[in-house]
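This report walks through one protein chain, beginning with charged pairs and moving on to the buried parts. Keep the sequence and the structure in view while reading.

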Amino acid sequence: AVVSTQSTGMATQETKIKEVVIPKKPQTGFFEFMSKYRSTEPGDNKQKMASLSEKWNKMQEDEKEEFNKIFRTKMEIWKKEINELKQTEEGRAALEELEKSKKEKRRNKAIKSGKAKKEKKPRDPTPYNLFVKDSFEAAKVEWLDEMPEGTRVQVSSVMKIIASKWAAISPEKKQKWQEKADELKASRKEKENVNEG
């Protein structure tokens, strides 16, 4: 998809994807304040930001309201425009494309800064994990039977029932669960080898 932007002043005003114009989300009252006084503030960008931030923090709430009101008005207009886009197939597709683009940019930025999360490989289920999955519904019914009607399920209480059942089963039965876990692990490794090949 073609992603282009039109910029005016401090912030990008809109994004155009596949001929669909997506309005940019309004900035907060603080940035409205920044936009108004930035050009008259001395110093470089960093100094201007620091100076205006200090002035904003010292302002009374009624003084800030002038800029917060502008923000709220723009936000209402933006929400209305986004909702209108969502009513069309082209609009929904463009919004999805924009979100994908944003995620990709955040991911690339994280990679460059060394903060990208490594993809975690799914953990192999343990024999107990498989036992829990197999026993949960029955243990839930057992626990609810002991509770007043209308009681919401407490997972921790159900898990205690399952844990006690696991502790009570014989080593032979636990071994069967171990064999199931081993089979799943072997199956996963086989699939990984096929994909790598």
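## Salt bridges

The count of salt bridges comes to 10. The model is a predicted one, and the values below are computed from it. Three of the pairs are set out in the table.

| Pair | Closest N to O distance |
|---|---|
| Glu32 and Lys74 | 3.0 Å |
| Lys36 and Glu66 | 3.3 Å |
| Arg72 and Glu65 | 2.2 Å |

The Glu32 and Lys74 salt bridge, with its closest N and O atoms 3.0 Å apart, joins distant parts of the chain: Glu32 belongs to helix α1 (residues 29-37) and Lys74 to helix α3 (residues 61-86), 42 residues apart. Is Glu32 buried or exposed? Glu32 counts as buried because its relative accessibility is 14%, and the cut-off for buried is under 20%. Lys74 has a relative accessibility of 39%, so Lys74 counts as partly exposed.

A salt bridge is also formed by the side chains of Lys36 and Glu66. This pair links distant parts of the chain as well, with Lys36 in helix α1 and Glu66 in helix α3, 30 residues apart. Lys36 has a relative accessible area of 45% and is partly exposed. Glu66 is partly exposed too, at 43% relative accessibility.

In the third pair of the table, Arg72 has a relative accessibility of 40%, so Arg72 counts as partly exposed. Its partner in the salt bridge is Glu65, which is partly exposed at 32% relative accessibility.

## Lys64 in helix α3

Lys64 is placed in helix α3. Its relative accessibility is 11%, so Lys64 counts as buried. What does Lys64 touch, leaving out residues up to four places away in sequence? Lys64 touches Trp56, Asn57 and Met59.

## The chain as a whole

The chain contains 7 helices and 3 strands. Read from the N terminus, the order of the elements is β-β-β-α-α-α-α-α-α-α. The chain has 197 residues, and 22% of them count as buried. It exposes about 15600 Å², of which carbon and sulfur atoms supply 50%. For contacts between residues at least 6 apart in sequence, 46% join residues that are at least 24 apart.

## Nonpolar cores

In soluble globular proteins, nonpolar side chains tend to be buried together. The largest nonpolar core of this chain has 12 residues in all, including Leu130, Trp143, Ile162, Trp166 and Ala181. Which elements give two or more residues to this core? They are α5 (127-145), α6 (155-168) and α7 (171-196). The largest share comes from α5, with 5 residues.

Ala181, a member of this core, is in contact with Pro125, Thr126, Pro127 and Leu130, when its neighbours within four places in sequence are left aside. Another core, of 10 residues, lies apart from the largest one; Val20, Ile22, Met75 and Leu98 are among its members.

## Helix α4

Helix α4 (residues 89-113) has 25 residues. At 1.5 Å a residue, helix α4 should span 36 Å, and its end C-alpha atoms are 36 Å apart, so the two values agree. Which residues of α4 are buried? They are Gly91, Ala94, Leu95, Leu98 and Ser101. Of these, Leu98 also belongs to the core of 10 residues. Just after α4 comes Gly114, which takes a positive phi of about 80 degrees.

## Helix α5

α5 has 19 residues and reaches 27 Å from its first C-alpha to its last, close to the 27 Å expected at 1.5 Å a residue. Where does α5 bend? The bend is at Ser135 and amounts to about 50 degrees.

Ser135 is also buried, as are Pro127, Leu130, Phe131, Val132, Ala139 and Trp143 in α5. Leu130, Phe131, Val132, Ala139 and Trp143 appear again in the largest nonpolar core.

Asp134 is also in helix α5. Its relative accessibility is 55%, so Asp134 counts as exposed. Asp134 lies 28 residues from Ile162 in sequence, and the two are 9.9 Å apart in space, C-alpha to C-alpha. Ile162 is one of the residues of the largest nonpolar core.

Notes. Residues numbered from 1 in each chain as written. Predicted model: local features only at pLDDT ≥ 70, side-chain atom pairs only at ≥ 80, totals over all residues. Heavy atoms only, no water. Helix = DSSP H or I, 4+ residues; strand = E, 2+ residues; numbered from the N terminus. Buried < 20%, exposed > 50% of the residue type's maximum accessible area, 1.4 Å probe, protein only. Contact = heavy atoms within 4.5 Å. Areas by Shrake-Rupley, 256 points an atom, 1.4 Å probe, with all protein chains shown as cover. Salt bridge = Lys/Arg side-chain N within 4 Å of Asp/Glu carboxyl O. Core = buried A, V, L, I, M, F, W, Y, C linked by side-chain atoms within 4.5 Å. Expected span 1.5 Å × (residues − 1). Bend = angle between axes of the 7 residues up to and from the residue.
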